Amino acid sequence: MKSPRWINGLALLFSFVCLTTATQADPVRLFAAASLQGPLDTVVQDWDTASTVSYGGSGTIARQISLGAPADAVILANPTWSQWLVENGHAQGPVRALLSNRLVIISPLGGATFEQIDAATLRAALDGRLAMGQHMSVPAGIYAKAWLSHIDAWDTLRPHLAETENVRAALALVARGEAPLGIVYASDAQASAQVSVAYVIPDDQHPQILYTGLALTPNGAAFLDHLATHTAPFTAAGFVALP
């Protein structure tokens, strides 16, 4: 005896819903920029507690993916590295813009603040080295170099830099008092109780900070869809939502 069409249709719909739910619940393997640690952990835990995130510098992550590191998605702090993965055949794209941020100068807690900054002011304030990400590979360092060049301070300060493999390492140098000043993201400064914001760098003095995602599997694409609609943990942590 044949089942009525509406029963068959209902069964098909039920199967589709179950399949979709199962797909969304699958654990994801993510590689992500170190500055995302904290709010991204929250979103990942909400997705599936068995998911894993490997954090590091965006350039390091891009090279790991190019060498075959297993991942469902990558989230990097600069579109340049995402485009590099696509152009070299390590990912198909599209490159998805997810979040933004701001650059700030930090000092150890209770340190000096600045109303305005130029090359002379910054050099005079440095009793030690300026901590920042590596200017060739770490996005925060790339943005920092662009800003230092904008204020004609790059050549003066380059011999006085402490360049790190990711932005959280630069944050740690200042938090421990091993560097008197550092350039990090606003979200990094907010994540540490051991530093103060000494100066907020104007957005128009460096390229736009843009976190981009690349899905390497269908499950990774589903997670990036989920992240795009769950940005509240990021904005609460000092990131900037895209319009």
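**The sheet**

Start with the open sheet of this predicted model: its 5 strands run in the order β7-β6-β8-β5-β9, with mixed pairing. Select residues 161–164 and 195–200 to see the edge strands, β7 and β9, each of which pairs on one side only. From one strand to the next, the twist averages 35°.

Next, select residues 130–133 and 181–185. These are strands β6 and β8, which pair in the parallel sense over 2 bridges. Within this pair, L130 stands opposite L181 in β8.

Now add residues 167–175, helix α8, which packs on the sheet. Helix α8 touches β5 (103–108), β6, β7, β8 and β9. The direction of α8 makes about 145° with that of β8.

**Helix α4**

Move to residues 79–87, helix α4, and show the side chains of W81, S82 and L85, the buried residues of this helix. They lie on the same side of α4, because they cover an arc of only 105° around the axis. To see what they pack against, select α3 (58–66), β3 (73–76) and β10 (211–215).

Then turn to the face of α4 that points away from the buried side: T80 and E87 are the exposed residues there.

Look at both ends of the helix as well. At the N-terminal end, N78 acts as the cap of α4, with a side-chain oxygen 2.8 Å from the backbone nitrogen of T80. After α4 comes G89, with a positive phi near 75°.

**S54 in strand β2**

Select residues 52–56, strand β2, and pick out S54 within it. Is S54 buried, exposed or partly exposed? S54 has a relative accessible area of 34%, so it counts as partly exposed; the partly exposed class lies between under 20% for buried and over 50% for exposed.

Show the surroundings of S54 next. Apart from neighbours within four places in sequence, S54 is in contact with L30, F31, A32 and I61. For F31, check the C-alpha to C-alpha distance to S54: the two are 4.8 Å apart in space and 23 residues apart in sequence.

**Confidence**

Finally, colour the model by pLDDT. The protein averages 90, and 90% of the residues score at least 70. Select residues 6–24, where the pLDDT is below 50. Beyond near neighbours in sequence, this stretch has 4 contacts in the model.

How values were computed:
Residues numbered from 1 in each chain as written. Predicted model: local features only at pLDDT ≥ 70, side-chain atom pairs only at ≥ 80, totals over all residues. Heavy atoms only, no water. Pairing = 2+ DSSP bridges. Helix = DSSP H or I, 4+ residues; strand = E, 2+ residues; numbered from the N terminus. Axes fitted to C-alpha atoms, helices over the stretch in contact; angles between N-to-C directions. Contact = heavy atoms within 4.5 Å. Buried < 20%, exposed > 50% of the residue type's maximum accessible area, 1.4 Å probe, protein only. Arc of directions from axis to C-beta. Polar contact = N/O pair within 3.5 Å; in protein donor to acceptor, adjacent residues only side chain to side chain. pLDDT = per-residue confidence, 0-100.
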